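Colleague: I am new to this structure and would be grateful for a close look at a single part of it. Please take one helix and explain how its residues are placed.

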Amino acid sequence: MDSSKDHSVRNLALLSLLVAAVVFLSFWSPNAERFSLPSQSLQRSSPSTEKATEREKDELETALEKASMENKTVIIAVVNKAYAAGEMPTMLDLFLESFWVGEGTRELVDHLLVVAVDQTAYDRCIFRGLHCYRLETEGVDFTREEIYVSEEFIKMMWRRTLFLLDVLRKGFSFIFTV
């Protein structure tokens with residue numbers, strides 16, 4: 001491995017540890033009330049939202065069980081319209097192609113759960129015959145590509161992080177890819 005790849009892997013590992021630490025402190029720290037989500041729209045507040053969340057959790061557990069390996073590990077990719085639609089091949093198509101051209105990776109597609117944050121991405125996932133889950137967030141539109149660190153981008157990242165936390169709470173392990 002050359003030094004630039006080694007440096008990139010090291011940076012990715014450090015970033016992952018930082019994100020894990022923030023999640024840990026946000027949810028398990030005695031002072032967790034200090035931390036808040038960037039938007040009230042991502043928090044559960046109304047009974048109708050709680051019922052929808054319970055239904056989502058049931059659907060999530062079903063999707064995870066279908067996609068998981070025997071040891072309850074699943075590969076998760078979160079996609080939106082920007083990745084799943086448009087000029088062919090799409091980013092989703094290229095991602096799926098990597099499973100076919102990789103050495104010994106074809107069977108891993110059976111353990112891939114594509115998490116679609118909008119209807120277009122979900123429809124494309126279903127069309128491709130994959131394990132799909134529709135992640136809905138009330139009042140937020142995740143259909144387009146967002147500018148890095150914009151308010152909508154931050155909301156998207158928080159929603160994704162909370163989703164991954166739900167996966168862990170359900171007792172599943174995951175390999176996350178973007």
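Modeller: In this predicted model, a suitable starting point is Met91, which is partly exposed because its relative accessible area is 47%, between the limits of 20% and 50%. Met91 belongs to helix H4, which covers residues 91-101. On the surface, Met91 joins Tyr83 and Leu94 in a nonpolar patch, and together the three have about 290 Å² of accessible area.

Other residues of the helix turn our attention to the interior. Phe99 is buried, since its relative accessible area is 8%, under the limit of 20%. Phe95 and Phe99 are both part of H4 and stand four residues apart, about one turn of the helix. Their ring centres are 5.2 Å apart and their planes meet at 85 degrees, over the 60 required, so the pair counts as edge-to-face.

The largest nonpolar core has 16 residues, and those touching the most other members include Leu92, Phe95, Leu96 and Phe99. Two or more residues come from each of strand S1 (73-79), H4, strand S2 (112-116) and helix H5 (119-127). H4 contributes the most, with four residues. In soluble globular proteins, nonpolar side chains tend to be buried together.

Leu112 shows how the helix meets its surroundings: beyond its neighbours within four places in sequence, Leu112 is in contact with Phe95, Leu96 and Phe99, and also with Ala67, Ile75, Ala77 and His131. Apart from this core lies another, of 15 residues, among them Ile76, Val115, Tyr133 and Phe163.

Terms used. Residues are numbered from 1 along each chain as its sequence is written. This is a predicted model: local features need pLDDT of at least 70, side-chain atom pairs count only at pLDDT 80 or more; totals for chains, interfaces and linings use all residues. Side-chain values use heavy atoms; hydrogens and water are left out. Patches are made of residues with over 30% relative accessible area and no salt bridge: like charges are joined within 9 Å, nonpolar side chains (Val, Leu, Ile, Met, Phe, Trp, Tyr) within 5 Å. Accessible areas come from the Shrake-Rupley method with a 1.4 Å probe; for residues, only the protein chains shown count as cover. A salt bridge is a side-chain nitrogen of Lys or Arg within 4 Å of a carboxyl oxygen of Asp or Glu. Buried means under 20% relative accessible area, exposed over 50%, partly exposed in between (1.4 Å probe, protein chains only). A nonpolar core is a set of buried Ala, Val, Leu, Ile, Met, Phe, Trp, Tyr and Cys residues joined through side-chain atoms within 4.5 Å. Contact means heavy atoms within 4.5 Å. Rings of Phe, Tyr and Trp (its six-membered ring) pair if their centres lie within 6.5 Å; planes under 30 degrees apart count as stacked, over 60 as edge-to-face and the rest as tilted.
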